[in-house]
Amino acid sequence: MSYRRSSRSSADRGERNVSFDQRAARHSTGVKEEFLAPEEGEKAQELSGKDPKMLAIYFGLMVFIGLGNKIFNKLMTIPMHNYPNFLNLLTTSMYVPVCFAYVIPMARIGKIPQEQLDLPYKPFAVMGGLDAIAGIMQVFAATYLPGPIIILMSQSAIPISMVISRYLINARYDKYQYAGATIVAVGIVVVLAPTITGGGSALWAIVMMLSCVPMTLSSVYKEISLGATELDPMYLNGMISVFQFLFSLLLCVPSSLASDPPVPIPDLPQNLMNGLKCYVGISSKTCQDDEDDGDCSEDNCMPNAPMFVTIYLVFNQLYNLLIILILKYGSANILWLAMTLMVPLGNVAFTLPFVPEHSGLRPTDIVGLVVICAGLGVYRFLSDYIKSRETARDRADSASAKEPLLDLVNDVDRVISVTGEDEESRR
């Protein structure tokens, strides 16, 4: 099926793309949120006409809930360290009942048109499969990576998505966005340098970055297969979640061998059951003294597992909902600013002493963080800032060019007025 870019306005495209942002929140790290930026010629929603107080509330909520989503995304993996497959299935399956609790009554009263319900399942299945691959890669990477690295590696979605969308759907970006993506890539290299040279978690950092590939392909495929088709975002997410969950069940088998330590395939059902027990606070795995060599991780489920996982699920649902509300009733600029601010704040949060497994930032982490934040600023804001300055300068030049002409007109009016008065006096 050939791709045809819709000629709708940028605001309409923003509402249509809400589904991408909402789907992002289903995954452990919400990588798709990093795709948010206008293409060349696409303006962000204007702030004019918006209530400043409501925009400030949206911004504050987005920063708070977004940070909670990122922080507890990592924290929930600490007590559930032995059960990444269960975590992936749990976080994916939660969206099925939530979405269809909305879809079923809305479909019955006609709020979701029958044409949407009659769409073939193939696009949802393809996107669900790609999202399942991305989701399981992200959950495993989040389990074995430090919190700050997870947040920084997520930004690799920007250059990866630009390359893929540029070549597959001929997406256009301006020079500032290319520059911003390049700066982000440099910052990621700075962060990864000590990890690669010193061993560490380089493999899982690369897995985190590569998870952006199926995530981007899923978004691009949505554009190609559905194009300008109007879809209710909850129906879209619900259908994709169903297929994502089914594919995640299949991916449990090969991914179990990637666990640390690996879970033999015959032991996978018991591992999933133990994961469910851990979620409700029941520890199952213990380590013998002769196994205490660093390869065995003993369960410590109560109280952190039920608390951290449940808090993450709540933040995740709120984050998902808030993205839709901001794009629908607020401003995309508010969303981009909040997401950019989350990067340094999230890194700082993992250094706080009361945060489990907190650690200080290495010099390379700090340098990389500054570089990545600078790249995000260039990528998301510099183009609009320069265009607004140019517009203001053009208006000022136009006004200054009119002033001499206005003075000339006033002089002519005065001459005519004086001449008329002289003629009247002569009469």
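These are my notebook entries on what I looked up in this structure, which is a predicted model.

**Entry 1: the chain as a whole.** I began with secondary structure and found 17 helices and zero strands in the chain. Of the 427 residues in the chain, 48% are buried. I then looked at how contacts spread along the sequence: among those between residues at least 6 apart, 85% join residues at least 24 apart. The chain exposes about 20,100 Å², and carbon and sulfur atoms supply 65% of that area.

**Entry 2: the nonpolar cores.** Which residues touch the most other members of the largest nonpolar core? I noted Met62, Met80, Leu145, Met153 and Val309, in a core that holds 73 residues. Helix H15, which runs over residues 304–329, gives this core its largest share, with 11 residues. I followed Val309 further and, leaving aside residues up to four places away in sequence, listed its contacts as Met76, Met80, Leu87, Leu90, Tyr279 and Asn304. Apart from this core there is a second, separate one of 15 residues, with Tyr95, Leu226, Tyr235 and Met239 among them.

**Entry 3: Asn85.** I placed Asn85 in helix H4, residues 84–93. Is Asn85 buried or exposed? Its relative accessible area is 1%, and because the limit for buried is under 20%, Asn85 counts as buried. I next looked for what surrounds this side chain, and found a polar atom of it 3.4 Å from the backbone oxygen of Cys252. Cys252 also appears in the contact list of Asn85, together with Ile136, Phe140, Ser255, Ser256, Leu268 and Leu272, again not counting residues up to four places away in sequence.

**Entry 4: a nonpolar patch on the surface.** Here I looked up which residues make a nonpolar surface patch of about 240 Å², and they are Met54, Ile57 and Leu61. Ile57 lies in helix H3, which covers residues 52–75. I recorded Ile57 as partly exposed, because its relative accessibility is 44%, between the 20% and 50% limits.

**Entry 5: the salt bridge.** How many salt bridges does the structure hold? I found one, and it joins the side chains of Arg362 and Asp365 at 3.3 Å, N to O. I checked the accessibility of both partners, and Arg362 is partly exposed with a relative accessible area of 32%, whereas Asp365, at 6% relative accessibility, counts as buried.

Technical notes: Residues numbered from 1 in each chain as written. Predicted model: local features only at pLDDT ≥ 70, side-chain atom pairs only at ≥ 80, totals over all residues. Heavy atoms only, no water. Core = buried A, V, L, I, M, F, W, Y, C linked by side-chain atoms within 4.5 Å. Buried < 20%, exposed > 50% of the residue type's maximum accessible area, 1.4 Å probe, protein only. Helix = DSSP H or I, 4+ residues; strand = E, 2+ residues; numbered from the N terminus. Contact = heavy atoms within 4.5 Å. Patch = residues over 30% accessible without salt bridge, like charges linked within 9 Å, V, L, I, M, F, W, Y side chains within 5 Å. Areas by Shrake-Rupley, 256 points an atom, 1.4 Å probe, with all protein chains shown as cover. Salt bridge = Lys/Arg side-chain N within 4 Å of Asp/Glu carboxyl O. Polar contact = N/O pair within 3.5 Å; in protein donor to acceptor, adjacent residues only side chain to side chain.
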